[in-house]
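Subject: A structure for you to look at

Hi,

Here is the structure I promised to pass on to you. Have a look at it first, and then read my notes below with the model open beside you.

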Amino acid sequence: MALELLKANRASEAQAVLNKHMHIHSKHPLLYFARGTYHHGVGDLAKAAEDFKLAETLEDSNIPGVRLPNPAEPGTTSFNLGAVLIMAGRFEESALAFKRCLKKEPSRTEAMRLLATAYTNMNKGKEAVEIAEQAMQLKMQQGIQDAELIRLLSDSWNQMAIDNHEQLGDAGLQDTVKYLRQAVAVDPNNEKPRKNLELLGLNKGVAMPENSTFGNQVIKV
């Protein structure tokens with residue numbers, strides 16, 4: 001009932017229902033899921049994350065009679081937890097939550113997209129590219145061209161170039177350039193890798209300067 005009230009934008013009534021039932025069914029994951037949804041709706045991300053985590057733990061505890069928020073999508077609680085955590089800037093925790101979601105729903109492309117987003121914010125471009133490419137392949141199999149996902153894959157290649165340059169400097173410049181050009185090839189309209197190539201003096205076939213300053217000037221994702 002609380003979820004229906006929340007969907008109808010009747011948050012205060014939903015909260016009253018939740019408070020009443022929490023004392024009776026304290027081990028029911030749906031109550032924590034609903035309360036997490038309520039806290040998310042009012043902008044309390046910390047409490048929302050706490051509730052979704054409790055719901056996830058109870059769902060995985062094999063308690064007899066446990067019901068999921070959406071049986072057709074068994075990773076929903078983990079997904080919601082990851083989404084709240086990424087909004088709160090808790091990227092490492094969000095990545096773990098999305099991984100748990102994908103164990104339950106290996107083809108959930110939105111979880112893949114957000115996992116790749118978390119990876120780019122963790123400066124893990126290689127991992128972001130891998131998961132974004134998996135999501136792209138699934139979308140292509142469905143005949144869907146997802147512009148947002150294309151941009152994310154391009155940004156992931158750009159982040160991979162940044163990571164490579166920060167780790168290896170000019171010694172890894174050949175791979176850095178390769179990753180940036182791949183980012184442009186994926187999404188020609190993405191200005192980030194183009195600007196980074198310009199910083200290297202390579203966007204228009206200009207010879208690379210002896211001492212690159214790319215590492216100091218790089219445009220972050």
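S94 lies in helix α6, in what is a predicted model. Is S94 buried or exposed? With a relative accessible area of 0%, S94 is buried, because buried means under 20%. Leaving out residues up to four places away in sequence, S94 touches G82, L85, I86 and A118. You could pick out those four residues on your screen and see how they sit around S94.

Now for the overall picture. The protein has 12 helices and 0 strands, so if you read the elements from the N terminus on, you meet α each time. Of the 221 residues in the protein, 46% are buried. Contacts that link distant parts of the sequence are also there to find: among contacts between residues at least 6 apart in sequence, 52% join residues at least 24 apart.

Next, the salt bridges. The structure holds 13 of them, and I would like to walk you through a few. Which residues are linked with E56 in a network of salt bridges? They are K53 and R100.

Take the pair of E56 and K53 to begin with. Their closest N and O atoms are 3.3 Å apart. Both residues belong to helix α4 (residues 45-59), where they are 3 residues apart, about one turn of the helix. E56 is buried, with a relative accessible area of 2%, whereas K53 is partly exposed at 36% relative accessibility.

E56 also meets R100, side chain to side chain, in a salt bridge of 2.8 Å from N to O. This pair links distant parts of the chain, with R100 in helix α6 (residues 91-104) and E56 in helix α4, 44 residues apart. R100 is partly exposed, and its relative accessible area is 26%.

There is another salt bridge to look at, between D60 and K104, whose closest N and O atoms are 3.3 Å apart. Why does this pair tie together parts of the chain that are 44 residues apart in sequence? The reason is where the two residues lie: D60 is in the loop between α4 and α5 (76-87), and K104 is in helix α6. D60 counts as partly exposed at 43% relative accessibility, and K104 is partly exposed too, with a relative accessible area of 28%.

Let me turn to H40, which is found in helix α3 (residues 29-41). At 32% relative accessibility, H40 is partly exposed. Setting aside its neighbours within four places in sequence, H40 is in contact with L45, A48, V84 and M87. You can also compare H40 with L81: the two are 41 residues apart in sequence, and their C-alpha atoms are 10.0 Å apart in space.

Finally, please look at a pair of helices. When two helices pack together, they are described by the angle between their axes and the distance between the axes. The axes of helix α9 (residues 147-168) and helix α10 (residues 173-186) come within 8 Å and cross at roughly 170 degrees. That angle makes α9 roughly antiparallel to α10, because angles over 145 degrees count as roughly antiparallel. On the α9 side, the residues making the contact include I150, L153, W157 and M160. On the α10 side, L173, Y179, L180 and V186 are among them. What classes of residue make up the contact of α9 with α10? There are 10 nonpolar, 6 polar and 1 charged residues.

While you are at helix α9, find D155, which is also in that helix. D155 is buried, with a relative accessible area of 9%. Its side chain makes a polar contact with the side chain of K192, at 3.4 Å.

If you want a place to start, try the network of K53, E56 and R100, and then move on to S94, which shares helix α6 with R100.

Happy exploring, and do write back with your questions!

Best wishes

Definitions and conventions
Residues numbered from 1 in each chain as written. Predicted model: local features only at pLDDT ≥ 70, side-chain atom pairs only at ≥ 80, totals over all residues. Heavy atoms only, no water. Axes fitted to C-alpha atoms, helices over the stretch in contact; angles between N-to-C directions. Helix = DSSP H or I, 4+ residues; strand = E, 2+ residues; numbered from the N terminus. Parallel < 35°, antiparallel > 145°, perpendicular 65-115°, else oblique. Contact = heavy atoms within 4.5 Å. Nonpolar A, V, L, I, M, F, W, Y, C, P; charged D, E, K, R; others polar. Buried < 20%, exposed > 50% of the residue type's maximum accessible area, 1.4 Å probe, protein only. Polar contact = N/O pair within 3.5 Å; in protein donor to acceptor, adjacent residues only side chain to side chain. Salt bridge = Lys/Arg side-chain N within 4 Å of Asp/Glu carboxyl O.
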